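This report introduces one protein structure to a reader who has not met it before. Please look over the sequence and the model below before reading on.

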Amino acid sequence: MSFGGGSEGIPCVEITVVKNPGLGFSIAGGIDQDASKNPFSTNDKGIFVTKVVNGGPAELGGLQVGDKILEVNGYDVTMATHKHAVKLLSKEKERQVMLKVTRPSIYRGR
């Protein structure tokens with residue numbers, strides 16, 4: 001896990017998740033979803049992590065519930081549909097997934 005600047009200078013964390021066999025997390029959101037139901041950021045249509053399996057690949061990689069996913073393997077998902085984000089995350093040929101995420105604690109300091 002490393003810190004860096006993301007899309008439009010947003011502070012972010014880069015995380016690598018190695019499939020075993022899955023990624024061990026669930027997402028919600030997307031530009032095609034009702035943003036008023038986003039429990040993490042009111043009216044934000046981004047892709048958010050809603051569940052992380054204890055001891056799973058995502059947890060071992062440092063992913064946390066509430067993380068907003070900015071990129072998946074270099075692809076910007078800030079304006080993605082839910083279906084497109086799932087497709088990028090579940091590509092079968094990819095053994096590992098590189099994520100760029102942001103979370104509230106990054107804004108308060110590392």
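The sections below describe charged pairs, a strand pairing, an aromatic pair and some backbone features of this predicted model.

## Salt bridges

Side chains of opposite charge can pair when their charged atoms come close. In this structure, a search of the whole model finds three salt bridges.

One of them joins the side chains of Lys100 and Glu14, with 3.5 Å from N to O. Lys100 belongs to strand E7 (residues 96-102) and Glu14 to strand E2 (residues 11-18), so the bridge links distant parts of the chain, 86 residues apart. Lys100 has a relative accessible area of 15% and is therefore buried, the limit being under 20%. Glu14, at 32% relative accessibility, counts as partly exposed.

Another salt bridge is formed by the side chains of Asp44 and Lys68, at 3.0 Å from N to O. Asp44 sits in the loop between strand E3 (25-29) and strand E4 (47-52), while Lys68 is in strand E5 (residues 68-72), so this pair ties together parts that are 24 residues apart in sequence. Both Asp44 and Lys68 are buried.

## Arg103 and its contacts

The side chains of Arg103 and Asp67 also meet in a salt bridge, with an N to O distance of 2.6 Å. Arg103 lies in the loop between E7 and helix H3 (104-107), and Asp67 in the loop between helix H1 (57-61) and E5; the pair therefore ties together parts that are 36 residues apart in sequence. Is Arg103 buried or exposed? Its relative accessibility is 8%, so Arg103 counts as buried. Asp67 is buried as well.

The contact between the side chains of Arg103 and Asp67, at 2.6 Å, is also a polar contact. In addition, the side chain of Arg103 reaches the backbone oxygen of Gly62 at 3.0 Å.

## Strand E3 and its partner

In a regular strand the side chains alternate between the two faces of the sheet. E3 shows this alternation: Phe25, Ile27 and Gly29 point to one face and are buried. Ser26 and Ala28 point to the other face and are not buried.

E3 pairs with E4 in the antiparallel sense, over five bridges. Which residue of E4 is the bridge partner of Ser26? The partner is Lys51.

## The aromatic pair

A pair of aromatic rings is described by the distance of the centres and the angle of the planes. A search of the whole structure finds one aromatic pair. Phe40 and Phe48 form this pair, with 5.7 Å centre to centre and 20° between the planes. The pair counts as stacked because the angle of 20° falls under the limit of 30 degrees.

The two rings belong to residues with separate accessibility classes. Phe40, with a relative accessible area of 35%, is partly exposed, whereas Phe48, with 5%, is buried.

## Leu60 in helix H1

Leu60 is found in helix H1. What is its relative accessible area? The value is 68%, so Leu60 is exposed, the limit being over 50%. The C-alpha atoms of Leu60 and Val18 are separated by 9.0 Å, and these two residues are 42 residues apart along the chain.

## Backbone features in the loops

The peptide bond from Asn20 to Pro21 is cis, with omega near -15°. Pro21 is in the loop between E2 and E3.

Asn43 is not a glycine, yet it has a positive phi of about 60°. Asn43 is placed in the loop between E3 and E4, the loop that also holds Asp44 of the salt bridge with Lys68. With 54% relative accessibility, Asn43 counts as exposed. Asn73, also not a glycine, has a positive phi of about 50°. Where does Asn73 lie? Asn73 is in the loop between E5 and strand E6 (75-76), and its relative accessible area of 26% makes Asn73 partly exposed.

Notes. Residues are numbered from 1 along each chain as its sequence is written. This is a predicted model: local features need pLDDT of at least 70, side-chain atom pairs count only at pLDDT 80 or more; totals for chains, interfaces and linings use all residues. Side-chain values use heavy atoms; hydrogens and water are left out. A salt bridge is a side-chain nitrogen of Lys or Arg within 4 Å of a carboxyl oxygen of Asp or Glu. Helices (H or I, at least four residues) and strands (E, at least two) are DSSP runs, numbered from the N terminus. Buried means under 20% relative accessible area, exposed over 50%, partly exposed in between (1.4 Å probe, protein chains only). Two strands pair if DSSP finds at least two bridges between them. A polar contact is a pair of N or O atoms within 3.5 Å; within protein, one must be able to donate a hydrogen and the other to accept it, and residues adjacent in sequence count only if both atoms are side-chain atoms. Rings of Phe, Tyr and Trp (its six-membered ring) pair if their centres lie within 6.5 Å; planes under 30 degrees apart count as stacked, over 60 as edge-to-face and the rest as tilted.
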